[in-house]
Amino acid sequence: MSVKIGVIIGSIRDGRQGETVAKWFLNEANKIKASDVTLELVDLKSFDLPLIGLNPSETQLNDLKRWQETMSNLDGYVLVTPEYNHVVPGSLTNAFQLLKPEVANKALAFVGYGFLGAARAIVGFRAELAYQQIALVQQQLNISFNVDYKDFGTPNQEFTPGAYHLVEIETLMNQLTNWTKALKLVREHKI
Ligand SMILES: Cc1cc2nc3c(=O)[nH]c(=O)nc-3n(C[C@H](O)[C@H](O)[C@H](O)COP(=O)(O)O)c2cc1C
C-alpha cells in the first residue's frame, strides 16, 4: 500500500534551526523507509495562516485552503518542532487548530529539538493532538543542543547528531508507517 508522509518544519522563525533538523531527518529517513512510502517536506513558513478566530485576508484565506489541502493529501506526518517556553510555538498550535477532518485518523511522530530536545513541549502537544483524533506514535527524537551540536550558540556552531538517533529514526519510521497504513484502511472503511 503506498502512503505519503509529510515532514513538517514546525518553526517559522527567521534563522530557525528547524530547517537543518528537518532536512537531516528527511535525508536519513529516505535511506531506510519502505519503498511504498513517499516522504515530502512541508514548510509551515510557506503558509501565511490567519490567527484562528480572526477574519483572514484574501491571501490568508488562499493559504489556509492550501494548508488544509496539503495536510489532507498526506497520510501521515513527522512534526519537527522546537520548544518555546516549554511548549510548542504558538504559530504551530494555531496551524493545527485550523485543521480537524484533514488530520483525523492519521498518524504522527515527533522530532523535537532544544536544550532538552523539546521533551516538555512534545508531552504537552501530544495531549492537544490526541483530541484531534491523531494517532501519536511512541518513538520520538529529542535532538539536544548540548549533545547533538558542537559549540551551540557560537559562530562555530555545527549540527553533529549522535549516531544513536539513526536507530530511533528506524523505529519511528516503522511505527509511523504501520499506523499510517492501518489508518488509511480505516479512512477507506476497509477495517
Ligand atoms: C520565545 C522563545 C522561547 C524559548 N524557550 C525555550 C524552551 O523553553 N526550551 C528550550 O529548550 N529552548 C527554548 N528556546 C530556545 C530555542 O530552543 C532555540 O531558539 C531554537 O533555535 C528554536 O528553534 P527554531 O530556531 O527552529 O525556531 C526558546 C526560544 C525562543 C525564541
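Let's start with helix H5: at 1.5 Å a residue, its 24 residues should span 34 Å, and the end C-alpha atoms are 35 Å apart, which agrees. Keep in mind as you explore that this is a predicted model. Below is a friendly tour of H5, the two nonpolar cores, helix H3 and two individual residues.

**Helix H5 and its end**
- The buried residues of H5 include the nonpolar Ile169, Leu172, Met173, Leu176 and Leu183.
- Also on the buried list for this helix are His165, Glu168, Thr177, Thr180, Lys181 and Lys184.
- Just after H5, His189 adopts a positive phi of about 60 degrees.

**The largest nonpolar core**
- This core has 30 residues, and those touching the most other members are Phe25, Val78, Val111, Ile143 and Leu172.
- Two or more residues each come from strand S1, helix H1 (18-32), strand S2 (37-43), strands S3 and S4, strand S6 (141-144) and helix H5 (164-187).
- H1 gives the largest share of this core, with six residues.
- Leaving aside residues up to four places away in sequence, Phe25 touches Val7, Val78, Val111 and Leu141, and also Ile169, Leu172 and Met173.

**A second core**
- There is a separate core of 27 residues, and among its members are Ile8, Leu49, Leu74 and Ala121.

**Helix H3 and its surroundings**
- Within H3 (residues 90-97), the buried positions are Leu92, Thr93, Asn94, Ala95 and Phe96.
- These buried residues pack against four strands by name, S1 (3-9), S3 (76-81), S4 (106-114) and S5 (134-136), as well as against helices H2 (58-72) and H4 (119-131).

**Glu28, a residue of H1**
- Glu28 lies in helix H1.
- Is Glu28 buried or exposed? Its relative accessibility is 15%, and buried means under 20%, so Glu28 counts as buried.
- Glu28 touches Leu166 and Ile169, again not counting residues up to four places away in sequence.
- Ile169 is itself among the buried residues of H5, and Phe25 touches Ile169 too.

**Arg13, a loop residue**
- Arg13 is found in the loop between S1 and H1.
- With 45% relative accessibility, Arg13 falls between the 20% limit for buried and the 50% limit for exposed, so it counts as partly exposed.
- Which residues does Arg13 touch, not counting those up to four places away in sequence? They are Lys45 and Tyr84.
- Arg13 and Tyr149 are 136 residues apart along the chain, and their C-alpha atoms are separated by 19 Å.

How values were computed: Residues numbered from 1 in each chain as written. Predicted model: local features only at pLDDT ≥ 70, side-chain atom pairs only at ≥ 80, totals over all residues. Heavy atoms only, no water. Buried < 20%, exposed > 50% of the residue type's maximum accessible area, 1.4 Å probe, protein only. Contact = heavy atoms within 4.5 Å. Core = buried A, V, L, I, M, F, W, Y, C linked by side-chain atoms within 4.5 Å. Expected span 1.5 Å × (residues − 1).
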